[in-house]
Amino acid sequence: MAASSPRERPLAQMDPKGFVGDPELIRLLEQHSVPAPCDADGALFRQGDLPAGLYIFRDGMVTLSMISDDGHSLFAAQALPGSLLGLPAVVSNQPYTITATACAGARVSFISRQDFSRLMLSFPPLSVRILKVLAAQVRSARRALY
């Protein structure tokens, strides 16, 4: 087996637990989501794309990755069930900072950015739960840098 090149090995190992929402948060979000078919392997969203919405990963396999401007792998991990994918982009209305690639058969739900914003405004306690997930992602990213 050939050794992997520096372009293939991620520089950081983020803990994918930082993407996972608590069960009550997932339940609330799923009530407002629609299934996102994963009939074939493919990107749910790509790093740099404008945010269409938030994805809730339930089962199967989804890979999260980040690539530097010069093509080096900065981060790669398998998402865990209950992960909220694309959350920072949706909250900030800024481009996705990672790529999420689902394997065929993955169970994923989708909430549009507009529906997510309406839900946040109509149910303020949801905001605290969302902030906890975002804080966990920041902590995970910081740990990966040290």
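A strand, as the word is used here, is a DSSP run of E with at least two residues, and strands are numbered from the N terminus. S112 is found in one such run, strand 8. The model is a predicted one, and strand 8 is a useful place to begin reading it.

Strand 8 belongs to an open sheet of four strands, whose order is 1-8-3-6 and whose pairing is antiparallel. At the edges of this sheet are strand 1 (34–36) and strand 6 (84–85), each of which pairs on one side only. Helix 1, made of residues 23–30, packs on the sheet and touches strand 3, strand 6 and strand 8. The direction of helix 1 makes about 120° with that of strand 3.

Inside the sheet, strand 3 (residues 53–59) is joined to strand 8 (residues 107–112) by six bridges in the antiparallel sense. As an example of this pairing, F57 has V108 in strand 8 as its bridge partner. A further helix, helix 3 (residues 113–122), lies across strand 3 and strand 8 and runs at about 70° to strand 8.

Now return to S112 in strand 8. Is S112 buried or exposed? Its relative accessible area is 17%, and buried means under 20%, so S112 is buried. The side chain of S112 reaches the backbone nitrogen of D115 at a distance of 3.0 Å. When neighbours within four places in sequence are left aside, S112 is in contact with A52 and G53.

D59 offers a second case, this time in strand 3. Its relative accessibility is 42%, which lies between the limits of 20% and 50%, and therefore D59 counts as partly exposed. Which residues does D59 touch, not counting those up to four places away in sequence? They are A106 and R107. D59 and P81 are 22 residues apart along the chain, yet 5.7 Å separates their C-alpha atoms.

The last topic is the cysteines. How many disulfides does the model contain? The count comes to zero. For C38, the nearest cysteine sulfur is that of C103, 9.2 Å away. A disulfide needs two cysteine sulfur atoms within 2.5 Å, so C38 is in no disulfide. C103 is in no disulfide either, the nearest cysteine sulfur being that of C38. As for accessibility, C38 counts as buried because its relative value is 8%, whereas C103, at 26%, counts as partly exposed.

Terms used:
Residues are numbered from 1 along each chain as its sequence is written. This is a predicted model: local features need pLDDT of at least 70, side-chain atom pairs count only at pLDDT 80 or more; totals for chains, interfaces and linings use all residues. Side-chain values use heavy atoms; hydrogens and water are left out. Two strands pair if DSSP finds at least two bridges between them. Contact means heavy atoms within 4.5 Å. Axes are lines fitted to C-alpha atoms, for helices over the stretch in contact, and angles run from 0 to 180 degrees between N-to-C directions. Buried means under 20% relative accessible area, exposed over 50%, partly exposed in between (1.4 Å probe, protein chains only). A polar contact is a pair of N or O atoms within 3.5 Å; within protein, one must be able to donate a hydrogen and the other to accept it, and residues adjacent in sequence count only if both atoms are side-chain atoms.
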